[in-house]
Amino acid sequence: MAACTRRDFLRAGAGAAALVAGTGLRAGGAEPPGPAGPRAVASGNGLRATDKAVEVLRAGGGPLDAVIAGVNIVEDDPEDMSVGYGGLPNEDGVVELDASVMDGPTHGAGAVASLRNIKNPSRVARLVMERTSHVLLVGPGALKFALAHGFEEEDLLTDKSRAAWLRWKETLSDRDNWVPAKAESLPEQLRSVLSTHGTINCLAIDASGRLAGVTTTSGLAWKLAGRVGDSPIIGAGLYVDNEIGAAGSTGLGEANLRTCASFRIVDAMGRGATPEQACLQVLEAVAAKAKRWPGLCDAEGRPSFGLEFYALNKKGEFGGAGFFEGGRYAVHDGSENKLREAAYLYKRRPAR
């Protein structure tokens, strides 16, 4: 099997707009900062989050207030089946949520993992940071802590997410006693979510240069009960250094956990890389490692899983990148809120 090759142009100082023949790597939608002012960056499902974050910043709220208010919109939305209420459940049909927050000025951090029955894990993660001497609470302990602070339990499984879980369970085997409904009875909107993972990451900077970030998720669909991905792990799913910048991720958490990718992106920015260059450099490093992970590279040595990074530096410069072309990420640059093309390492193969 072919190896995942390295690309020398990703070294610090390489031009972010380079296009290297045969590799498919191309710069995305990153731009130099515009007029001074607040801005926010998020994953592709975060356009409402970036809009809300900048609104909060303009009203005088801090960057941590801003990013949490932004992702709460998605956590509360049952139509986004990758986060919060309506998120796809574990293999037992139970929704388990993970989240982390970091506050740049204090370098504070808080996180929760495998949290059940609370739809806003980002808010609980903030309380872990502000009201305990810990960084991470998990499972029943995280739920007990949330209840102590007045959060109310609720069933996070919506009719749509339950239907998706039942369809997955009913089609696992033809030798058990589960019988699937007729194929035509499956709503079209469920067909694309039967094997998925999803997350929202949001980063923000205010006019004073204060940074913050949050990552929140329902994790890998149909995961083993208790599985925790990268989202609540500081340095993996999220990292903020107020002297340098912030970074976060979406995609296969196990790949990120093995590489501490968000920390590495911020470190690369601290050594002179632009946000986009830093995202690409770390993607390349992950791709090189992936050849050692059984089943996670294709026959050509390219990663067979998705991973996307988002970054924002102290200057207000931003960038986003993923393994494959076609990705987009949300940016409010202080004057316009829109989805931008993400940089990438590989072109997608034409459908046969």
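Which strands does helix 7 lie across? In this predicted model, helix 7, spanning residues 261-270, lies across strand 7, strand 8 (245-251) and strand 9 (307-313). Its direction runs at about 145° to strand 8. Helix 8, formed by residues 275-290, also packs on the sheet, where it touches strand 9, strand 10 and strand 13. The direction of helix 8 makes about 25° with that of strand 10.

The sheet beneath this description is an open one of five strands, ordered 7-8-9-10-13, and its pairing is mixed. Strand 7 (238-241) and strand 13 (343-346) are the edge strands, each pairing on one side only. From one strand to the next, the twist averages 15°. Strands of a sheet pair through backbone hydrogen bonds, either parallel or antiparallel. Strand 10 (residues 318-324) and strand 13 run parallel and are joined by three bridges. Here Phe324 stands opposite Tyr346 of strand 13.

Strand 1, covering residues 39-42, offers a further set of pairings to explore. With strand 5 (residues 199-205), strand 1 runs antiparallel, and four bridges join the two. Within strand 5, Ala204 is the bridge partner of Ala40. Strand 1 also pairs with strand 11 (residues 328-332), in the antiparallel sense and over three bridges. In strand 11, Val331 stands opposite Val41.

In a regular strand the side chains alternate between the two faces of the sheet. For strand 1, both faces are covered. Arg39 and Val41 are buried on one side, while Ala40 and Ala42 are buried on the other.

Conventions:
Residues are numbered from 1 along each chain as its sequence is written. This is a predicted model: local features need pLDDT of at least 70, side-chain atom pairs count only at pLDDT 80 or more; totals for chains, interfaces and linings use all residues. Side-chain values use heavy atoms; hydrogens and water are left out. Two strands pair if DSSP finds at least two bridges between them. Axes are lines fitted to C-alpha atoms, for helices over the stretch in contact, and angles run from 0 to 180 degrees between N-to-C directions. Contact means heavy atoms within 4.5 Å. Buried means under 20% relative accessible area, exposed over 50%, partly exposed in between (1.4 Å probe, protein chains only).
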